[in-house]
Every structure is written in structure tokens, then in C-alpha cells.
Amino acid sequence: MGELVHFPHKSIRLTNEELAIYWSIRARLEKAATLEEIRKLRHDVKAFRHRLAAKYGIPL
């Protein structure tokens, strides 16, 4: 298992795969330069948040 992450409603332990997705999004965020890249990031963040919400029962 990966790192313990605290949310306002619950603390969860992300898997290594989930952490890899999180850090990938963070890295892409720092490099985003165009509006298209930002739109893709917004979509990916939304999908990732929904995945975590469904898996761990975290309200959005």
C-alpha cells in the first residue's frame, strides 16, 4: 500500500497506482502551457476524484 492521505471527511491509504496517477497529474500541472493541456488536466483530475470518491466513499 501507498501513502496515507487526509481528506476533510476521511483519511485513506492510496495504492501505489493511485499515487502514480496523482504525481503524474501534479507534474503535468506544473508543465501545462496551453489551454488544451489545461482542459485535459481538468478532465483527468475530475475523473481521478470521481474514482477515489467511488472507491473510498468520499463525498465530492
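Begin by selecting Glu-18, which at 0% relative accessibility counts as buried, because buried means under 20% relative accessible area. The model on screen is a predicted one, and Glu-18 is found in its helix α1. With Glu-18 still selected, display its surroundings: leaving out residues up to four places away in sequence, Glu-18 touches Phe-48, Arg-51, Leu-52, Lys-55 and Tyr-56.

Now zoom out to the whole chain. The protein chain holds 2 helices and 2 strands, and a walk along the sequence meets them in the pattern β-β-α-α. If you colour by burial, buried residues make up 23% of the 60 residues in the protein chain. If you switch to a surface view, the chain exposes about 4700 Å², of which carbon and sulfur atoms supply 57%. For a contact map, consider the contacts with a separation of 6 or more: residues 24 or more positions apart account for 38% of these in the protein chain.

Next, select the two helices together, α1 (16-31) and α2 (35-56). How do their axes cross? The axes of α1 and α2 come within 10 Å and cross at roughly 155°, and since angles over 145 degrees count as roughly antiparallel, the two helices are therefore roughly antiparallel to each other. The crossing of α1 and α2 is left-handed.

Show side chains where these helices meet. From α1, the residues to display are Glu-17, Glu-18, Ile-21, Tyr-22, Ile-25, Arg-28, Leu-29 and Lys-31; in α2 they meet Glu-37, Lys-40, Leu-41, Asp-44, Val-45, Phe-48, Arg-51, Leu-52, Lys-55 and Tyr-56.

Keep Leu-41 and hide the rest for a moment. Which residues is Leu-41 in contact with, leaving aside its neighbours within four places in sequence? The contacts of Leu-41 are Ile-25, Arg-28, Leu-29 and Ala-32. Of these, select Leu-29, which lies in helix α1 and is exposed, with a relative accessible area of 56%. A distance drawn between the C-alpha atoms of Leu-29 and Leu-41 comes to 7.1 Å, although the two are 12 residues apart in sequence.

Then select Ile-38, whose place is in helix α2; at 40% relative accessibility, Ile-38 counts as partly exposed. From Ile-38, draw a second distance to Arg-28: these residues are 10 apart in sequence, and their C-alpha atoms are 9.0 Å apart in space.

Turn next to the interior and select the largest nonpolar core, whose 9 residues are Ile-12, Leu-14, Leu-19, Ile-25, Leu-41, Phe-48, Leu-52, Tyr-56 and Ile-58. The elements that give two or more residues to this core are α1 and α2, and α2 gives the most, with 4 residues. Several side chains from earlier stops return here: Leu-41, already seen in contact with Ile-25, belongs to this core, and so do Phe-48, Leu-52 and Tyr-56, which are among the residues that Glu-18 touches.

Finish at the strands, by selecting β1 (4-6) and β2 (11-13) together with the loop between them, where Lys-10 is found. Is Lys-10 buried or partly exposed? Lys-10 is partly exposed, with a relative accessible area of 37%. As a last step, draw a distance from the C-alpha atom of Lys-10 to that of Pro-59, two residues that lie 49 residues apart along the chain and whose C-alpha atoms are separated by 9.3 Å.

Conventions: Residues are numbered from 1 along each chain as its sequence is written. This is a predicted model: local features need pLDDT of at least 70, side-chain atom pairs count only at pLDDT 80 or more; totals for chains, interfaces and linings use all residues. Side-chain values use heavy atoms; hydrogens and water are left out. A nonpolar core is a set of buried Ala, Val, Leu, Ile, Met, Phe, Trp, Tyr and Cys residues joined through side-chain atoms within 4.5 Å. Buried means under 20% relative accessible area, exposed over 50%, partly exposed in between (1.4 Å probe, protein chains only). Contact means heavy atoms within 4.5 Å. Accessible areas come from the Shrake-Rupley method with a 1.4 Å probe; for residues, only the protein chains shown count as cover. Axes are lines fitted to C-alpha atoms, for helices over the stretch in contact, and angles run from 0 to 180 degrees between N-to-C directions. Angles under 35 degrees count as roughly parallel, over 145 as roughly antiparallel, 65 to 115 as roughly perpendicular and the rest as oblique. A crossing is left-handed if the near helix is turned anticlockwise from the far one by less than a right angle, and right-handed if clockwise.
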